[in-house]
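Colleague: I have a model open here and would like to talk it through with you. Could you start with the terms and then go on to the details?

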Amino acid sequence: MKFGVLQFPGSCDEVDALEAARMVGEAELIWHRDRDLQGADAIVVPGGFSYGDYLRAGAIARFSPAMESVIEFAREGGLVLGICNGFQVLCEAHLLPGALLPNVNLRFTSRQVRLDVVAPDTAFTSACPPGRQLSIPAKHSWGRFHADAETLERIERDGQVVLRYAQGENFNGSVGDIAAVSNETGNVMGLMPHPEHAVQELTGGSTDGLSIFQSIRLAAERVAA
Amino acid sequence: MSAAATLPSLTDAIALGLTDSEYELICEKQGAPPNILELAMYSLLWSEHCAYKHSKKLLRTLPTEGPHVVMGPGENAGAVDAGHGLVCAFKVESHNHPSAVEPFQGAATGVGGILRDIFAIGARPVAVLDSLRFGELGGPGSARSRYLLDGAVSGIGHYGNSIGVPTVGGEVYFEGPYEQNCLVNAMALGLAPREALVRSAAAGPGNAVVLFGASTGRDGIGGASVLASAELGEDDDKRPTVQVGDPFEEKKLLECSLELLELGLLVALQDLGAAGLTSSASEMASKGEVGIDIDIAAVPLREADMEPFEVMVSESQERMLCVVEPRNVDAVLEVCEKWEVNGAAIGAVTDTGRMRVLRDGELLGDMSVRALVDDCPLYDLDPVKPTAALYPPPAATLSADASPQESLLALLASSNIASRRPLFEQYDSIVGSRTIRRPEQADAAVLALPDGSALAVSIDGNGRRVAADPRNGTIATVLECAANLACVGAEPLGTTNNLNFGNPEKPHIAWQLTEAVAGLGEACRALAAPIVGGNVSLYNEGATGPIYPTPVIGMVGRLPDGRRAGRLGFLNAGDGLALVGPFAPSQPASELAKLRGHVLPDGLPPVNLPDAVAALAAVREAVRSGALSSAHDVAEGGIAVALAECALAGRLGATVTLGDGWWEALGAPGEDGAPNWPEGARDAALFGEGPAGILVSGPEAGLRSLAAQTHVRLIGHVGGECLRIALDGQDLIDASVEELAEAHAGGLKGYFA
């Protein structure tokens with residue numbers, strides 16, 4: 001099982017994502033100019049400020065050669081996880097519904113948040129301990145998930161809302177407390193909190209983020225089998 | 001030559017910040033009056049900011065050597081041995097004047113500048129800390145302070161967050177004397193394999209000089225001489241001299257620089273900071289005892305019509321200069337292309353010892369490297385101890401008859417003690433996955449190393465106490481920094497410092513500076529924590545007078561096992577609670593005295609340095625052995641506030657009795673041991689401040705083994721939902737942890753709404 005972690009100029013959390021992925025499988029960095037996904041079974045689009053995020057978060061990265069391959073990979077059912085800036089990139093690429101807006105407090109905010117797993121049977125959550133909240137850090141200034149009423153109704157109905165901020169934890173003002181959404185076919189998920197920063201007790205404050213990576217491994221192995 | 005068509009006069013030299021005699025000396029060194037390009041270059045390199053002409057003699061008295069030092073002062077950053085073949089590079093630098101003019105960009109580029117210093121020696125930056133000072137947040141003048149605070153915090157966050165280096169710690173204080181002249185000091189740490197360190201000395205005549213990074217524009221022209229080496233006046237005129245930062249450009253520059261070094265393509269590397277190309281090229285030439293020719297026609301420009309002197313002194317951010325063997329130039333430019341940064345060969349190393357500036361073969365300026373870099377006159381200070389108070393007393397905000405409990409709540413809510421959460425939540429403190437202790441979890445930040453050991457780092461300053469007593473106040477500041485390391489179990493490896501002072505040409509400022517440097521040297525020697533680098537920021541004065549003299553100390557230490565890093569919060573109900581160290585609190589110059597509107601005292605009680613150092617060592621060993629549950633340095637607000645902070649961090653109360661042993665410590669003997677607490681002594685016991693006091697909690701056995709090593713006073717036990725403090729049987733404080741939390745959390749919250 002192999003993860004590919006994209007690297008753009010301006011990526012910040014790609015090495016953290018790489019190391020987290022290596023705790024459950026193999027993992028390689030994929031340079032933004034490369035179209036070759038190196039045979040990865042799952043792709044992680046990491047956090048950071050791709051291309052400086054100067055136009056709009058994620059707006060330029062979605063046009064990179066690597067992302068063109070990722071879009072194709074996702075359309076063919078490949079597993080893709082977008083974290084923070086990666087979530088923004090996936091929304092810009094229309095692989096995920098909705099958009100990310102500036103936090104309601106208009107400030108970059110860094111906080112350990114508790115998340116409710118509302119869809120426990122997805123490719124990204126099947127290894128999460130049943131009935132338990134996840135404690136994972138979030139840190140961003142553009143993390144307020146937004147979707148129009150129609151889209152919102154559809155993704156709620158179709159079970160595309162995967163994680164929600166627990167009560168009192170939704171500091172960015174996301175609609176419906178939504179922290180993570182998937183696409184219709186369930187092979188692409190984006191979330192604002194950083195599971196790759198909660199994979200070891202010593203530096204993460206918890207190991208809850210590891211269960212997201214373990215879930216992806218299980219899903220990839222199911223596909224392979 | 002055309003640039004010399006009309007030679008500048010003495011008046012021009014003075015406008016650029018030089019004195020009559022310095023101008024004369026320049027004419028003598030040049031053998032003729034300099035042209036405008038040469039004069040501009042001299043004026044920057046002979047500025048206080050670049051030449052340290054009022055501080056260099058003092059700085060030579062500081063200890064700079066020790067068993068852990070790998071690279072001492074003089075390079076872009078200092079470096080210490082972090083074990084297992086790794087070195088830690090670190091340095092603190094100020095960006096005070098730019099931040100006082102434009103706080104967002106001033107602070108952002110301050111972070112950018114210090115990060116470049118770290119990767120310029122080949123280390124990957126892994127952490128940023130900052131030390132900030134502003135005026136009061138309430139009362140007259142406070143609108144400016146709130147604006148500066150908000151801008152500086154946003155700027156630091158913007159740069160650090162975007163470049164992916166965590167901001168792991170820092171400190172901020174609010175005092176009247178900083179109202180016009182705020183302080184923004186940023187410290188950065190980096191890691192590198194020992195053999196990967198690179199120096200900045202140019203070498204090898206015939207080698208190419210390559211400039212890479214952002215293109216060169218008109219921003220920041222004259223920053224070092226105009227902004228950094230004079231008192232602040234009418235700020236708005238100076239706004240164009242503040243540089244604008246681009247963290248994305250720097251992120252690419254960082255990765256590009258480290259890749260160039262990893263591929264072994266560089267002979268020397270240097271960042272462009274104050275005075276731009278002028279200082280980086282001259283300093284590289286000076287260190288290598290060579291010459292450099294620069295062809296300004298080859299410099300990528302933002303604006304085509306820039307004057308030669310503008311190209312040479314521009315402080316455009318995010319640029320680096322390197323020396324490359326001719327055969328490697330193409331490979332260097334290819335790496336630049338990969339990272340999408342400009343790269344251009346702009347000159348060559350020569351054996352002439354001259355700094356020559358050319359444009360397409362035409363010689364525009366020709367100076368001796370030695371004259372530029374080393375021949376600036378150094379001045380002796382003329383220190384005179386002031387006979388009257390330099391600083392007016394602060395406005396009283398707490399009535400003298402407030403009860404101990406009211407005083408505690410007021411202190412916890414005061415701007416200097418209140419929770420820093422509203423600030424540090426704006427910073428990414430975890431990117432890089434090394435952060436073992438986040439802000440408010442321990443006295444020092446702790447960063448994991450690959451071998452299971454960890455680095456600890458703290459940055460501290462206490463301008464008010466240094467103003468009261470420059471020597472003892474500075475010693476106390478260094479001890480506080482070391483105590484913060486001890487509380488997580490770390491032994492100091494080295495120190496960096498930023499000396500923020502007023503105008504050194506004034507005798508009383510010269511006295512503050514001289515005394516403070518003496519205290520700094522004394523304390524660093526006692527702690528075996530040599531100075532490996534630093535920065536001096538002088539002329540920090542506004543129309544209303546000088547800032548508090550503010551030496552900011554950054555210290556890096558190491559602990560063998562990251563899993564045993566200490567915490568400040570109470571952990572277990574039933575643990576014993578003890579005060580360690582020769583702590584002798586007194587009220588003058590304390591936070592309580594400030595709230596009561598007291599004028600600063602003339603002098604502070606001295607501390608017994610060997611006893612203090614021994615106490616810190618004992619605490620450090622106890623933390624490392626796992627004998628303690630918590631450890632926290634007693635600082636602003638004294639014992640009562642320190643207890644409250646431990647209770648808040650652990651969400652657990654404590655019951656404490658002060659008395660008995662306190663008699664001697666406070667020098668207020670009672671009659672026949674009968675309770676006899678005069679008002680002042682009571683306040684000193686609860687809220688008095690002084691160096692070398694550490695509050696620890698732990699199982700009885702742990703405290704007992706600590707007591708075998710050093711002076712320990714048992715004062716109570718951990719547990720319950722309230723903090724109760726009694727003094728010789730009289731209950732003075734009984735507050736729920738909830739109540740304390742409310743006061744502590746609310747103090748700064750409103751300023752970031």
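Modeller: A polar contact here is a pair of N or O atoms within 3.5 Å, where, within protein, one must be able to donate a hydrogen and the other to accept it, and where residues adjacent in sequence count only if both atoms are side-chain atoms. This is a predicted model, in which local features need pLDDT of at least 70 and side-chain atom pairs count only at pLDDT 80 or more, while totals for chains, interfaces and linings use all residues. Residues are numbered from 1 along each chain as its sequence is written, chains are lettered from A and ligands numbered from 1 in the order in which they are written, and side-chain values use heavy atoms, with hydrogens and water left out.

Colleague: How many residue pairs are in polar contact across the interface of chain B and chain A?

Modeller: The rule finds 15 such pairs between chain B and chain A, with both residues at pLDDT 80 or more.

Colleague: And which elements of chain B give two or more residues to that side?

Modeller: They are helices H8 (142–163), H10 (247–262) and H13 (329–338) together with strand E14 (435–437), all of chain B; helices (H or I, at least four residues) and strands (E, at least two) are DSSP runs, numbered from the N terminus. H8(B) provides the largest share, 5 residues.

Colleague: How many salt bridges are there across it?

Modeller: There are 5 between chain B and chain A, a salt bridge being a side-chain nitrogen of Lys or Arg within 4 Å of a carboxyl oxygen of Asp or Glu. One of them joins Arg33(A) to Glu340(B), whose closest N and O atoms are 3.1 Å apart.

Colleague: How many residues are in contact, counting each chain?

Modeller: Contact means heavy atoms within 4.5 Å, and by that rule 33 residues of chain B touch 28 residues of chain A.

Colleague: Switching topic, what follows H8(B)?

Modeller: Gly164(B) does, and its phi is positive, near 80°.

Colleague: What about H19(B), what comes after that one?

Modeller: H19(B) is followed by Ala528(B), which has a positive phi near 50°.

Colleague: Last one: is Lys594(B) buried or exposed?

Modeller: Lys594(B), which is found in helix H20 (residues 591–595) of chain B, counts as buried because its relative accessibility is 8%, where buried means under 20% relative accessible area, exposed over 50% and partly exposed in between (1.4 Å probe, protein chains only). Leaving aside neighbours within four places in sequence, its contacts include Glu136(B), Glu175(B) and Arg464(B).
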